[in-house]
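Reader: I am in my first year and still learning to read a structure slowly. Could you take one part of this one, the sheet and what surrounds it, and walk me through it with care?

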Amino acid sequence: MGSPPEEHGPIVVGVDGSESSKEALRWAVRQAELTGSAVHAVIAWEYPPLYGSIGWLDAPQELGGDMKAWAGQALDGAIREVVKAGEASRVKATVAYGTASAVLLDAARGASLLVVGSRGHGGFTGVLLGSVSQHCTQYAPCPVVVVRGTDR
C-alpha cells in the first residue's frame with residue numbers, strides 16, 4: 001500500500017494588475033493544475049505618502065477605503081482576465097494592507113511556492129527585476145519563481 005499523498009501549501013502569487021503580474025498569475029494557475037495546489041492571489045495596498053509645504057504628510061484616513069477598494073478591483077479584474085471560469089474555485093483572492101514585499105512575504109509563510117512578476121507598476125522600464133521581486137527572492141520562506149512578462 002502506498003503512502004498518502006503529500007500535502008503542500010498553496011502557491012502564493014503577487015498581483016498588482018500589471019502585465020507581468022498577470023503572467024505570474026497565469027503561471028501559478030498552470031502550476032497549481034499540475035501539483036493539485038490551491039492558488040492564493042494577493043494584492044497589497046497602503047496609504048499614499050503626500051508631500052506638503054512642511055514635508056511628508058500622512059494621507060487622509062478616508063482614502064483608505066478607496067485605496068482598498070481600488071486594489072480589490074484590480075485583483076478581481078486580473079483574476080477574471082487570466083483565470084478560466086472552471087479554475088476560479090482554485091483561486092483565493094486577498095487584499096492586504098502593507099507594502100507589497102511585506103504582504104507577500106507574510107502570505108508566503110507555509111506556502112509551497114511564491115510567484116511574482118519580474119516588474120510591477122513601479123520602477124524603471126527595462127530593469128530585469130523590480131524591487132518587490134528582488135526583495136522576495138532574497139527573503140521568502142519558500143522557493144520563489146519570478147515570471148518575466150511578455151512584450152506586447
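Author: Two strands count as paired if DSSP finds at least two bridges between them, and the strands themselves are DSSP runs of E with at least two residues, just as helices are runs of H or I with at least four residues, both numbered from the N terminus. This is a predicted model, in which local features need pLDDT of at least 70 and side-chain atom pairs count only at pLDDT 80 or more, whereas totals for chains, interfaces and linings use all residues. Residues are numbered from 1 along each chain as its sequence is written, and side-chain values use heavy atoms, with hydrogens and water left out.

With those terms in hand, begin at strand β1 (residues 11–14), which pairs in the parallel sense with strand β2 (residues 39–45) over 4 bridges; within this pairing, valine 12 has histidine 40 of β2 as its bridge partner. Both strands belong to an open sheet of 5 strands with parallel pairing, in the order β5-β2-β1-β6-β7. At the edges lie β5 (91–97) and β7 (144–147), each of which pairs on one side only. From one strand to the next, the twist averages 25 degrees, where axes are lines fitted to C-alpha atoms, for helices over the stretch in contact, and angles run from 0 to 180 degrees between N-to-C directions.

Helix α3 (residues 100–107) lies across β1, β2, β5 and β6 (113–117), and runs at about 150 degrees to β2. Contact here means heavy atoms within 4.5 Å.

Now look along strand β2 itself, where alanine 44 is found. Leaving aside neighbours within four places in sequence, alanine 44 is in contact with Ala96, Gly98, Thr99, Ala100 and Val103. Alanine 44 has a relative accessible area of 26% and is therefore partly exposed, since buried means under 20% relative accessible area, exposed over 50%, and partly exposed in between (1.4 Å probe, protein chains only). Tryptophan 45, by contrast, is buried, because its relative accessible area is 11%.

A search of the whole structure finds 1 aromatic pair. The rings of tryptophan 45 and tyrosine 97 have centres 4.8 Å apart and planes at 70 degrees, so this pair is edge-to-face; rings of Phe, Tyr and Trp (its six-membered ring) pair if their centres lie within 6.5 Å, with planes under 30 degrees apart counted as stacked, over 60 as edge-to-face and the rest as tilted. The pair joins distant parts of the chain, with tryptophan 45 in strand β2 and tyrosine 97 in strand β5, 52 residues apart.
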